[in-house]
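Welcome! Have a look at the structure below, and then work through the exercises at your own pace.

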Amino acid sequence: MSPAYVLKRIALICYTLFVVSLIVFAITQILPADAAVMLLGENATQEALAAVRERLGLDAPLWQQYLHWLGGVVQGDFGTSMRTGQPVGPALFEALGRSLLLALFSILLMLALALPLGIVAAIRRGRIADLVVGVISYIGVSLPEFVTATLLVLVLADWLQWLPATGYVPLTENFGRGLLHLVLPVLTVSLILIAHVSRMVRSELVDVLHTDYIRAARLKGLSNRTVLFKHGLRNALLPTITIVALDIGYLLGGVIVVEEIFALPGIGRQLIVAIQSRDLPSVQAGALIMATTYAIANFLADIAYAWLDRRIQYD
Amino acid sequence: MPTVDRRSFLAASAALGGLAISGLDVGAQTAPRRGGTLRVSVDQAVSKLNPLLTRVNPEYLVAELLYSGLTRLALDMSAEPDLAESWTNSADLLEWTFNLRKGVTFHDGSPCTAADVVASFEAILDAKTASPARQNVGPIAKIAAKDDSTVVFTLSAPFADLPVTLAYTNAKIVPAAVLKSGLEKLDREAVGTGPFKLVSFEPERQIVVTRNDAYYDKARPYLDRVVVVVYPDSTAEGSALIAGDTDLISTVPPTEFARISKASGVKGLRVASGQFCNVNFGCDQKPFNDVRVRQALALTVDRNAMVDFVTEGLGTVGNDVPLNSAYRFFADLPRKAPDLAKAKKLLADAGYPNGLEVTLIASDRPPLRTQLAVALREMAKPAGFTINVQTMPHATYLDQVWKKGSFYVGFYNMQPTADAIFALLYTSNAAWNETRWNNAGFDKLVNEARATVDEARRRDLYAQAQKLMHEEVPSIIPAFFDLLAAQRDWVEGYKLHPRGAVFRLDYVSLGAGAPKRG
Amino acid sequence: MTETFRRMLRSPQGALGLLIVGLILLVVILGPALAPYNPDTMAPLQRYKPPSAQFWLGTDQYGRDILSRLLNGARATVVLALIATGLGTLAGAMIGTVSAYLGGRADEAIMRTIDAVMSIPSLLMALLIVNLLGKSSLNAVLAIAIAFTPGMARVTRSVALAVRKQDYVNAAIARGESAGFIVWREMLPNVVAPIIVEMTIRVAFAVMLFATLSFLGLGAQPPASEWGLMVAEARRFMHLSPWMILWPSLAVALVAIGFNLLGDGLRDVLNPRT
């Protein structure tokens, strides 16, 4: 992992963000409804529309609007929401914080469950435990978030009444209640992750356990436990990290739906609201922030991969 | 005073019906308890803080806490004093004089005088402001300050309802100085004369206001604080009330009403209202410029089933007239019932013996627009109508269909007066002339009624106008919604207002059992 | 082909996948004929009925029969997802193959751009596109196709790179064939098999994505009985009748599971290593 590699990766992130900013700007600029009409709604008279267009700079040529927007973004100014008249940045970053909390809890739960499940399934390959894990992971991978969420709400919130169905309470306001409200969203998001990662761990581990290297270790008389944890697992974890990094993109998409269903005011929900109300600055900023998050997560995963990879080689 | 068990008292008085409640309640009311924090939930974000630009009920709720108007709307839809203590009118109904309360100050300490009132109304009437109030406050030609506490409105046509229309949700008084420096300031701050002052404003999450000790009424408001919490999801909103996280839900959807009202410690609130969902015809375009086509479609509608479909039975049947018994000048015309044979004949007479295919547009907000459209589609099918339902985002709808389209679904709050709803939607010069019905006879009746003070004469004129609509069907109005809300038992003094956009939370107090909140 | 089929039947995943997908295709073809009622007919007196002998899966907010709606909605749900996947695969395969053929800096530039596009989550991408085009089933299909394109391009490129090194491609280049001929006639046919496997797995994603778009109100529109839309509509009535939301949810899940199993089965057969 040379500095040159890291620099190249950073340059790539910059390029990525540039492309994303272009795409997002292009898509949002040609949205069918006039932003000024959206802003004024039922009361739009021609004079009022013209005044608003001028105020928002909607009359300028597109490239000027783009450069103006990009210039603002680089300086950390994401513009002013058309819907609320508030600055876009702070609201979105606050929402991003809530989304990251959801993502963090989901990843923790995933790690706590997916690794043991994958390991058990690999060791007990072809037996009941393997089958059970396989079925669970199939169901997990195959259920869209809105179906998982619906079923969880029906069973855990409506029939058993163990958990609140939807809604959000900030942890700072009421820690216990806040956690309870997070349970269902976290379960929904992590189910797919668990399914995905446990399958990956299992198949990688199965492959590794069949390599000559492991056979040799076994022949040397090392205990199963040592073979598994010292040699097998570490090698199996490498590809898993890549998968987890890729899953973060998936996670971000899933978060949009989950936040919408559970009325959790994270960045996904903000984005949906912004898209539905044609609040262009919020849409642009939201999409850009999401893509940035993904790019950074990927970058970190790559670095971690390179770092772990080297350690393994030196072992 | 002998204590009456509050709950059984309320139940008894509710059973006596609307009129009895207001009469009895005054006698039984001990002085409301001061203090406490009320948490009230709303179902949409409060995007607009600027009171001149608010557009949806949650925004009206917040604006009402922070700002005052000249008048405000009582539960019976009459005007009662707010910043104006009293008013008089000239005999020809063309000049109205309002006497302002003295010594009222804005939240920033500056005095609220006639100059502020004049400036506020000038801003409202300026098209550039794009205030919804502009078309709804009445035919104001000129407004002038006679002295520091007297304002004179000169009208362009005689108008008997001015004190009521001045209570319009957007007709709030803001400081002249703020108007001069630019309206944008009001997007983030609140400088009003209302019963509460703004503490914090998070459009998507919550708005906190605290008691305005300088409010003109020394007794009100009773609460120290009001927290307006945004719950875009009705299930979450209901659960929060049931759990005691909130004290009051401002609007409960019909589908949740039964579940929420059943919960212990919770009381469902319901009031008949003139809020309705309708199907607008573009009366200036084919095929709906032919009155027979409109009549034919109206004859396919099973109105009782429609009340079930769109209101879950929590509403009243509509008769294609925008008034119902919640309005003072409602005329009870013969109920329309489905008659498919007659509908087919009318359609054939109009030149469509083989049926007619049309596209009905429904915006996606609120979802019951689509609900209505889908139900109409099926009801009209046997009479030969092929209705394609097309949904679209509300923004696109406003931009491309609304007021222009030939066939689309509308949705309205109850207005304070018959004149207000007619002049908003159905006269030729209506602010939102959705149907372009442009019926000269109807215009004449409405114009005459608005200049008439004599109650019986006015009632007769409005009855004729309603009969005309009943026959010509510029729009199908199949059902009216009852307004639904819910509160904890410990909330006292909250009355569900049939207007839908009026809340009067300054009359609310917290009784025994209310949780202590910081 | 028959050999593939036979081996598929031998793996439990493949057999189950074939069975489920077969059933689904049957419903897609025969659904409307099997439905006991007209899916749009309303019955004001039969609203929110739980499952019974008369209505096997119950009725919805208009008193419509849920089973009939599900059977009719299979076409909207499954066929459109298939089309979307097909379109996305086609576009992605073209881009990927061209990129691999060009090689060098052009390849690098195309792939980096594709990486960049892929950093927008596909659901978000689809959301943006549908909003741009206007919401309808057709636009949702396009949006999914576009959202799938970069991923498929990447997969195709890696396969095509291997093909590019093969002798017959070099031979064609040596013969002086045009670039179009080489990409179209020599390279594409040889990357098809792995792409089909990838595509089958993606159909499951497409079904989920399409249903999710409809769920968010951006795909199919009422009164269509697309399953995602049915779930979305049923949410408002969840406390009046949980059945309305349960059945279409399970139906979406079943389709996705079926295609996932089929894809995995196919991959095991065609590519035995994993």
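Here are some exercises, each with a worked solution.

This is a predicted model, in which local features need pLDDT of at least 70 and side-chain atom pairs count only at pLDDT 80 or more, while totals for chains, interfaces and linings use all residues. Residues are numbered from 1 along each chain as its sequence is written, and chains are lettered from A and ligands numbered from 1 in the order in which they are written.

**Exercise 1. Describe the make-up of chain A and the confidence in its parts.**

Step 1: Start with the helices and strands, which are DSSP runs numbered from the N terminus (H or I, at least four residues, for helices; E, at least two, for strands). Chain A has twelve helices and zero strands.

Step 2: Turn to burial. A residue is buried if 20 or more other C-beta atoms lie within 10 Å of its own, exposed if 12 or fewer, and partly exposed in between, with C-beta atoms placed from the backbone. Of the 315 residues in chain A, 46% are buried.

Step 3: Check the contacts, which are pairs of residues whose C-beta atoms, placed from the backbone, lie within 7 Å. Among the contacts in chain A with a separation of 6 or more, 70% join residues 24 or more positions apart.

Step 4: Finish with pLDDT, the predictor's confidence in each residue, from 0 to 100. Chain A has a mean pLDDT of 80, with 90% of its residues at 70 or more. Within chain A, confidence is lowest in H2(A), at a mean of 64, and highest in helix H5 (residues 88–123) of chain A, at 88. Where pLDDT is low, the predicted coordinates should not be read in detail.

**Exercise 2. Find the two domains of chain A and describe where they touch.**

Step 1: Domain bounds come from an automatic or database domain assignment. For chain A they give domain 1 (3–74) and domain 2 (93–308).

Step 2: Taken over C-alpha atoms, the centres of domain 1 of chain A and domain 2 of chain A are 33 Å apart. In the contact, 15 residues of domain 1 of chain A meet twelve residues of domain 2 of chain A.

Step 3: On the domain 1 side, helix H1 (3–29), helix H2 (35–40) and helix H4 (62–74) of chain A are the elements that give two or more residues. H1(A) gives the most, with nine residues.

Step 4: Sort that side by class, where Ala, Val, Leu, Ile, Met, Phe, Trp, Tyr, Cys and Pro count as nonpolar, Asp, Glu, Lys and Arg as charged, and the others, Gly among them, as polar. This side of domain 1 of chain A has eleven nonpolar, three polar and one charged.

**Exercise 3. Describe chain C and the side of it that touches chain A.**

Step 1: Chain C has ten helices and zero strands. Its C-alpha atoms fill a box of roughly 75 × 45 × 30 Å along the principal axes. Buried residues make up 55% of its 274 residues.

Step 2: The contact between the two chains takes 35 residues from chain C and 37 residues from chain A. On the chain C side, helix H4 (104–118), helix H5 (122–133), H8 and H10 each supply at least two residues. H10(C) brings the largest share, nine residues.

Step 3: By class, this side of chain C divides into 24 nonpolar, nine polar and two charged residues.

**Exercise 4. Does the length of H10(C) agree or disagree with what is expected, and is this helix enclosed or open?**

Step 1: The expected span of a helix is 1.5 Å times one less than its number of residues. The 28 residues of H10(C) (residues 243–270) should therefore span 40 Å, and the end C-alpha atoms are 41 Å apart, which agrees.

Step 2: In H10(C), 22 of the 28 residues are buried, so this helix is largely enclosed by the rest of the structure.

Step 3: Take Leu246(C) as an example from helix H10 of chain C. Leu246(C) is buried, with 21 other C-beta atoms within 10 Å.

**Exercise 5. Explore the largest nonpolar core.**

Step 1: A nonpolar core is a set of buried Ala, Val, Leu, Ile, Met, Phe, Trp, Tyr and Cys residues joined through C-beta atoms within 7 Å. The largest has 326 residues, and those with the most contacts inside it are Ala126(C), Ile144(C), Val207(C) and Phe210(C).

Step 2: Helix H8 (residues 179–215) of chain C gives this core its largest share, 17 residues.

Step 3: Leaving out residues up to four places away in sequence, Val207(C) touches several residues, including Thr77(C), Val78(C), Val252(C) and Phe259(C).
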